Structure formats: C-alpha cells, structure tokens
Amino acid sequence: MLSRNTLTWRTAGAVEGGTMGLLAMVPVAGIPVAMTADILVIQVLSASIAARIAYSYGYDAKDPDEQLFIQRLVRRSFVAQAAKAEPLRETARAASAVKGRVRWSEKLRHDHRLLAALEKLMRQLGPAGSRVPVQNVAKVVPFVGVLIGAGMNSAVLGRVAADAQRYCQTRFLCDKYGLPLPAALTTDRADAGGYA
C-alpha cells in the first residue's frame, strides 16, 4: 500500500516547489508571498503525509502520541525549508539585477555570483570562444529558482514520508512483538538528526 508513497510525495513536493520557485521570481512581492505560501503548504502536506501513513499502519493520527510525532515531523520540515529562503532570495535579486540589461559589467558579475556562474556554464556549453549575452542568462535565471524550490521541497516531503513510514513500521513491530519503542523515537533527540 505504501510502496510508492515516498516517490509520490517527492513528486508532489517537486511540483509545488517549482511553482513557488517561479512565483518567487515575481518582482517586489514574489519572495514574501512565495515563501509564506510555500511554508503553509509544506506544513499541511507534512501533517497529511504523517497522518496518512499512521492510518495505514492502524494508528489513529488524532491520538496524542501520534500528534506528538506528527508535530515533530512538521517542525523538522519547517527547519528544512528555512535553508531554501536565502538561495531563492539571491536568485530573485539576480533576476531583478539582470532585467533589462544589455551589457555585462564586472560589478554585476561580482555582486551576483549566480549570474557569473550561469554565464560561465553557458559559455562552456556553447561554441568555443562564443560570447553569452546578458539577455540569454536572464532567460535562464527563473529556472534556477524553479530548480531550487522543486529540489528542496521534493527532499523535504520525501524525507517526511520516509521518516513517518520507518517510525510507523518500527512502532508496529514493537507493538506486535511486545517490545519497547526505542528511546530515540520517544524523545525530541530524534529532531536533531532525523529518524534513528
């Protein structure tokens, strides 16, 4: 029943993250709106994933013990999302800086390392000795935002699904054979390093 669960949630995370990454490229309000919406959607999806997996193993997600576990997963997904904010902000700044530009400048390359890296990559992929116009790099920058959002959200939701499944499997086996739940799963120490 859960054989493709992690892949399904990774795909959902990639689609949602790509959409939010594209929204983040909108000038002025893009970053705040995209990050706020992204955080809310990922929190809801994380809780939903954990609840569905708990139900599939026969555990009531409304039970206080299950609620603690679900809250732990949601908290970890929130922390993981925070790492995405700065790369998206830098990508949006680079997109704003390059918009409408015709020529490269050393200041532009120095202030926006992403633009310099994209220029170098595009130069290497093109014919030898070719020049890469600023407009060509400007067309690629939004895709970087999409890739950042898609990659991070895919990883976050995939990890939530995998952690929830391992937790429920372990709990199910402990209940079935009358074993105590491992200490790493009953304390908040699991928050620091993920699932034991």
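This section describes helix H1 and the salt bridges of a predicted model.

Helix H1 covers residues 5–23. At 1.5 Å a residue, its 19 residues should span 27 Å, and the C-alpha atoms at its ends are 27 Å apart, so the expected and computed spans agree. The buried residues of H1 are Asn5, Trp9, Gly13, Glu16, Gly17, Gly18, Met20 and Gly21.

Salt bridges in the model number 8. One of them joins the side chains of arginine 109 and glutamate 119, with an N to O distance of 2.7 Å. Arginine 109 belongs to helix H4 (residues 106–111) and glutamate 119 to helix H5 (residues 113–125), so this pair ties together parts that lie 10 residues apart in sequence. The two partners can also be described by their accessibility. Arginine 109 is partly exposed, at a relative accessible area of 22%. Glutamate 119 has a relative accessible area of 4%, and it is classed as buried because this value falls under 20%.

Glutamate 119 also takes part in a salt bridge with arginine 123, where the N to O distance is 3.1 Å. Both residues are in helix H5, and because they are 4 residues apart, about one helical turn separates them. Arginine 123 is partly exposed, its relative accessible area being 36%. Salt bridges link Glu106, Arg109, Glu119 and Arg123 in a network. Within this network, the buried residue glutamate 119 meets both arginine 109 and arginine 123.

A further salt bridge is found in helix H6, which comprises residues 134–177. Here the side chains of arginine 166 and aspartate 163 meet, at 2.4 Å from N to O. The two residues are 3 places apart in the helix, or about one turn. In an α-helix there are 3.6 residues a turn, so residues three or four places apart point the same way. Aspartate 163 is buried, with a relative accessible area of 3%, whereas arginine 166 is partly exposed, at 34%. The bridge between arginine 166 and aspartate 163 therefore pairs a partly exposed arginine with a buried aspartate.

Note on methods. Residues are numbered from 1 along each chain as its sequence is written. This is a predicted model: local features need pLDDT of at least 70, side-chain atom pairs count only at pLDDT 80 or more; totals for chains, interfaces and linings use all residues. Side-chain values use heavy atoms; hydrogens and water are left out. The expected span of a helix is 1.5 Å times one less than its number of residues. Buried means under 20% relative accessible area, exposed over 50%, partly exposed in between (1.4 Å probe, protein chains only). A salt bridge is a side-chain nitrogen of Lys or Arg within 4 Å of a carboxyl oxygen of Asp or Glu.
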